Amino acid sequence: MKNNTYLLKDIADIRTGYSFRAKLEPDSEGNILVVQLKELSDKNTIDISTAVKINMQDVSDNYLLQKGDLVFRSRGMDSTAAIMVISADNIILSAPFQRIRLQDTSKILPEYLLWYINSKDAQSYFSANKTGTSVTMISTAVLADLPVIVPPVEIQKKIVEINTLSEREIELQEELIKKKKLLTETILLKTLEL
């Protein structure tokens, strides 16, 4: 079982989100949902529940998000990605984000690529190649030249599964810490009532 290494541009289509020329005008009857920074959750998924709805005609497929697409945060301190986990045909990505769409999901899983982009190795690559002083950014060319180590699909599945379990364990530990703190505080306050 040999790992292959590819440049991201050789395995995925990379596009910049739609650049709106003016402030978004929400329209409750609109036909398009717009993914902006607030829709990228802490769990690296896209949550459209807060997305602005607008009216927009003749939208190019280049800007529409599909299930399995990754959205890369190209500006700011956080150069990570989030994944589109739902199917829809009316969700558009705004600039300055980059949309990453794999060319062949039978050889590279979107969830694996998400893990890889957010991994320490890829983050080191991005840190070394950021530009800008007050607002740092990763150019499309730097993102496109990201070396991606691609193991066989079965190994990719195991990596995704282990990562998912690890993230769930961290969530449970954080919940436990909060509950323990609340319990301790409740007990201490009860001692004041004696």
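How many bridges join strand β5 to β6? There are 3, and the two strands run antiparallel. Welcome to this predicted model. The points below start with the sheet that holds these strands and then turn to helices α2 and α3.

**The sheet**
- Four strands, in the order β2-β8-β5-β6, make up an open sheet with antiparallel pairing.
- Strands β2 (12-16) and β6 (81-83) are found at the edges; each has a single partner strand, so one side of each lacks a neighbour in the sheet.
- On average, neighbouring strands here are turned by 25 degrees against each other, with direction ignored.

**A closer look at β5 and β6**
- Strand β5 covers residues 70-72.
- If you look at Leu-70, you will find Ile-83 of β6 standing opposite.

**Helix α2 on the sheet**
- Helix α2, residues 110-117, packs on the sheet and touches β5, β6 and β8 (98-102).
- The direction of α2 makes about 160 degrees with that of β6.

**The two faces of helix α3**
- Helix α3 spans residues 120-129, and its buried residues are Ala-122, Tyr-125 and Phe-126.
- These buried residues lie on the same side of α3, because they cover an arc of only 95 degrees around the axis.
- Turned away from that buried side is a face with the exposed residues Lys-120, Asp-121, Ser-127 and Ala-128.
- The cover over the buried residues of α3 includes β5 and α2, along with α4 (140-144) and β9 (147-150).

How values were computed: Residues are numbered from 1 along each chain as its sequence is written. This is a predicted model: local features need pLDDT of at least 70, side-chain atom pairs count only at pLDDT 80 or more; totals for chains, interfaces and linings use all residues. Side-chain values use heavy atoms; hydrogens and water are left out. Two strands pair if DSSP finds at least two bridges between them. Axes are lines fitted to C-alpha atoms, for helices over the stretch in contact, and angles run from 0 to 180 degrees between N-to-C directions. Contact means heavy atoms within 4.5 Å. Buried means under 20% relative accessible area, exposed over 50%, partly exposed in between (1.4 Å probe, protein chains only). The arc is that of the directions from the helix axis to the C-beta atoms.
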